[in-house]
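Student: Please show me the model, and then we can go through some of its side-chain contacts.

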Amino acid sequence: MPKGLGNGYGSVGTPAPPPAAPAAAPAAAAAEAAAPSGVTFPADFPNSVRHFLIIACVAYAIAAAVALFSNFSRAKFGAAQSLIFLTGAAGAIGYFAMMTGLGVDYKTIDATPRVVFPGRYLTQLVTQPLLLSTIAFLSKLDLASTVPLVVEDVLLIMAGYLGSTTVAPMKYFWWLSSVFFTVLISVQLLAATKGGHAVLRNAVYAVIVCLAAFQLLWVFGSEGSANLGLSPEVGLYVIVDVAMKVAVGLYLIGNMAALEKDGEQEIDSQQYV
């Protein structure tokens, strides 16, 4: 019988088949396909970033728990407490998602690669309108005034997100659009609480300062010029966000009795006019 077991390979003039290529490691190939840049989250988070996200998640969860306890301790559920509970719950979910790597992208189309957090905008899209609705409710704004306030906040967040997905100079157009809505919301909040209870005025001042701080963090952070490092940016963002949503929410809950008493006195005075 000729060599090659009848298949022709190994006989004179018939080349042998090329050696089989070594199989690539499945895990490495999958990782390369999933993350061409080689950066994955949460594995590549600095420890400080991970800690900041955990702190924000816990802070929001505490706010939700306090609001829920405050509601159950009342004879009847309060709308403001319910809105603050939803704010805390949504914020805790959003930060937990980012802590586990969801809603985090490694942006490579800009001048330098940078980490951006689309999850921030999704979290803001829920928590900020809820907080503004709480202030509007306590300020006794009518629906015709509350709806534009909430929609303007949604547009503010949308503009910031769109700016984070593109590069200069167009991203600064979106940033300026977000700044415009920030100013518009601030003017409306000041008008809504003018002459109102001091607690509401203080809450509005805090919200306006935090909204302005968000714009500064955007333009100096990873979405804008990237002058801030990742850890300082995330740390400052968490401080401002927790101050605006958690601290203001807890401040309103702690002074709810004074706000409700002031509202009752206003109703009584109107009945005798």
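The questions below deal with aromatic rings, a surface patch and a helix.

Tutor: This is a predicted model, in which local features need pLDDT of at least 70 and side-chain atom pairs count only at pLDDT 80 or more, while totals for chains, interfaces and linings use all residues. Residues are numbered from 1 along each chain as its sequence is written, and side-chain values use heavy atoms, with hydrogens and water left out.

Student: How are the rings of Phe45 and Phe117 arranged: stacked, tilted or edge-to-face?

Tutor: Rings of Phe, Tyr and Trp (its six-membered ring) pair if their centres lie within 6.5 Å; planes under 30 degrees apart are stacked, over 60 edge-to-face, and the rest tilted. The centres of Phe45 and Phe117 are 6.2 Å apart and their planes stand at 10°, so this pair is stacked.

Student: How many residues apart in sequence are the parts that this pair ties together?

Tutor: Helices (H or I, at least four residues) and strands (E, at least two) are DSSP runs, numbered from the N terminus. Phe45 is in the loop between α1 (26–34) and α2 (47–72), and Phe117 is in the loop between β2 (114–116) and α4 (118–138). The pair therefore ties together parts whose separation in sequence is 72 residues.

Student: Is Phe117 buried or exposed?

Tutor: Buried means under 20% relative accessible area, exposed over 50%, and partly exposed in between (1.4 Å probe, protein chains only). Phe117 has a relative accessible area of 1%, so Phe117 is buried.

Student: Which residue forms one aromatic cluster with Phe45 and Phe117?

Tutor: Phe45 also forms a tilted pair, at 5.0 Å centre to centre and 35° between the planes, with Phe41. The residue that joins Phe45 and Phe117 in one aromatic cluster is Phe41.

Student: What is the area of the nonpolar surface patch that includes Val151 and Leu155?

Tutor: Patch residues have over 30% relative accessible area and no salt bridge, with like charges joined within 9 Å and nonpolar side chains (Val, Leu, Ile, Met, Phe, Trp, Tyr) within 5 Å. A salt bridge is a side-chain nitrogen of Lys or Arg within 4 Å of a carboxyl oxygen of Asp or Glu, and areas come from the Shrake-Rupley method with a 1.4 Å probe. Val151 is partly exposed at 41%, and Leu155 is partly exposed at 34%. With Leu143, Val147 and Met158, they make a patch of about 440 Å².

Student: What distance does helix α3 reach from its first C-alpha to its last?

Tutor: The expected span of a helix is 1.5 Å times one less than its number of residues. Helix α3 (residues 79–99) has 21 residues, and its reach is close to the expected value, at 30 Å.
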